[in-house]
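Got your viewer open and a free hand for the selection box? Let's take a walk, one selection at a time.

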Amino acid sequence: MDEFLKAFRRDPGGTWICVEPATFEGPNGRIQVTPGTRFAPGSMFMGADLAKWLDEQLAKLGKPLSH
């Protein structure tokens, strides 16, 4: 997961932006993301709030949300 998170940048408002192609097992199945894809807090993608999920994954790794 740490390598996957490196494919994203989190802006101060909590939106995650993909900066390089990434594939991962999300909360509802496999997800492929292309650069430029944005996940804003509260927006749903494949039935999940991926911004929230990415925040949770970052927290599990003990990293600050200012990623």
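Here is a stop-by-stop route through the model, with what to select and what you'll find there.

**Before you click.** This is a predicted model, so local features are given only at pLDDT of at least 70 and side-chain atom pairs only at pLDDT 80 or more, while totals for chains, interfaces and linings use all residues. Residues are numbered from 1 along each chain as its sequence is written, and side-chain values use heavy atoms, with hydrogens and water left out.

**Stop 1: the sheet.** Switch to cartoon and select β1 (residues 8-10), β2 (16-18) and β5 (38-39). Helices (H or I, at least four residues) and strands (E, at least two) are DSSP runs, numbered from the N terminus. These three strands make an open sheet in the order β1-β2-β5, with antiparallel pairing; two strands pair if DSSP finds at least two bridges between them. β1 and β5 are the edge strands, each with a single partner, so one side of each has no neighbour in the sheet. Zoom in on β2 and β5: 2 bridges join them, and Ile-17 has Arg-38 as its bridge partner in β5.

**Stop 2: two salt bridges.** Stay with Arg-38 and add Asp-11. They form a salt bridge, with the closest N and O atoms 3.9 Å apart; the rule is a side-chain nitrogen of Lys or Arg within 4 Å of a carboxyl oxygen of Asp or Glu. Asp-11 sits in the loop between β1 and β2 and Arg-38 in β5, so the pair ties together parts that are 27 residues apart in sequence. For burial, the scale is relative accessible area: under 20% is buried, over 50% exposed, and in between partly exposed (1.4 Å probe, protein chains only). Asp-11 comes out partly exposed at 22%, whereas Arg-38 is exposed at 51%.

The count is 2 salt bridges, so where is the partner of Asp-55? Select Arg-10: its closest approach to Asp-55, N to O, is 2.8 Å. That pair links helix α2 to strand β1, 45 residues apart, and both residues are buried.

**Stop 3: the aromatics.** Show the rings. Two rings of Phe, Tyr or Trp (its six-membered ring) pair if their centres lie within 6.5 Å; planes under 30 degrees apart are stacked, over 60 edge-to-face, and the rest tilted. By that rule there are 4 aromatic pairs. Pick Phe-8 and Trp-16: with centres 6.3 Å apart and planes at 75 degrees, they are edge-to-face. Phe-8 is buried at 0%, and Trp-16 is buried at 0% too. Next, pick Phe-24 and Trp-53, whose centres are 5.3 Å apart and whose planes meet at 20 degrees, so this pair is stacked. Phe-24 belongs to β3 (residues 22-26) and Trp-53 to α2, so the stack ties together parts that are 29 residues apart. Both Phe-24 and Trp-53 are buried. Now add Phe-39 and Phe-45 to Phe-8 and Trp-16, and you have one aromatic cluster.

**Stop 4: the core.** Which residues touch the most other members of the largest nonpolar core? Of its 17 residues, select Phe-8, Trp-16, Phe-24, Val-33, Phe-39, Leu-50 and Leu-54. A nonpolar core here is a set of buried Ala, Val, Leu, Ile, Met, Phe, Trp, Tyr and Cys residues joined through side-chain atoms within 4.5 Å. α1 (2-5), β2, β3, β4 (29-33) and α2 each give two or more residues, and α2 has the largest share, 5 residues. Centre on Phe-39: beyond its neighbours within four places in sequence, its contacts (heavy atoms within 4.5 Å) include Phe-8, Val-33, Phe-45 and Leu-54.

**Stop 5: helix α2 and its ends.** Select residues 50-60. Among the buried residues of α2 are Leu-50, Trp-53, Asp-55 and Leu-58. At the N-terminal end, Asp-49 acts as a cap, a side-chain oxygen lying 3.3 Å from the backbone nitrogen of Ala-51. Just after the helix, Gly-62 takes a positive phi of about 75 degrees.

**Last stop: Met-46.** Go back to the loop between β5 and α2, where Met-46 lies. Most residues other than glycine have a negative phi, yet Met-46 has a positive one of about 55 degrees. At 42% relative accessibility, Met-46 is partly exposed.

Conventions
A polar contact is a pair of N or O atoms within 3.5 Å; within protein, one must be able to donate a hydrogen and the other to accept it, and residues adjacent in sequence count only if both atoms are side-chain atoms.
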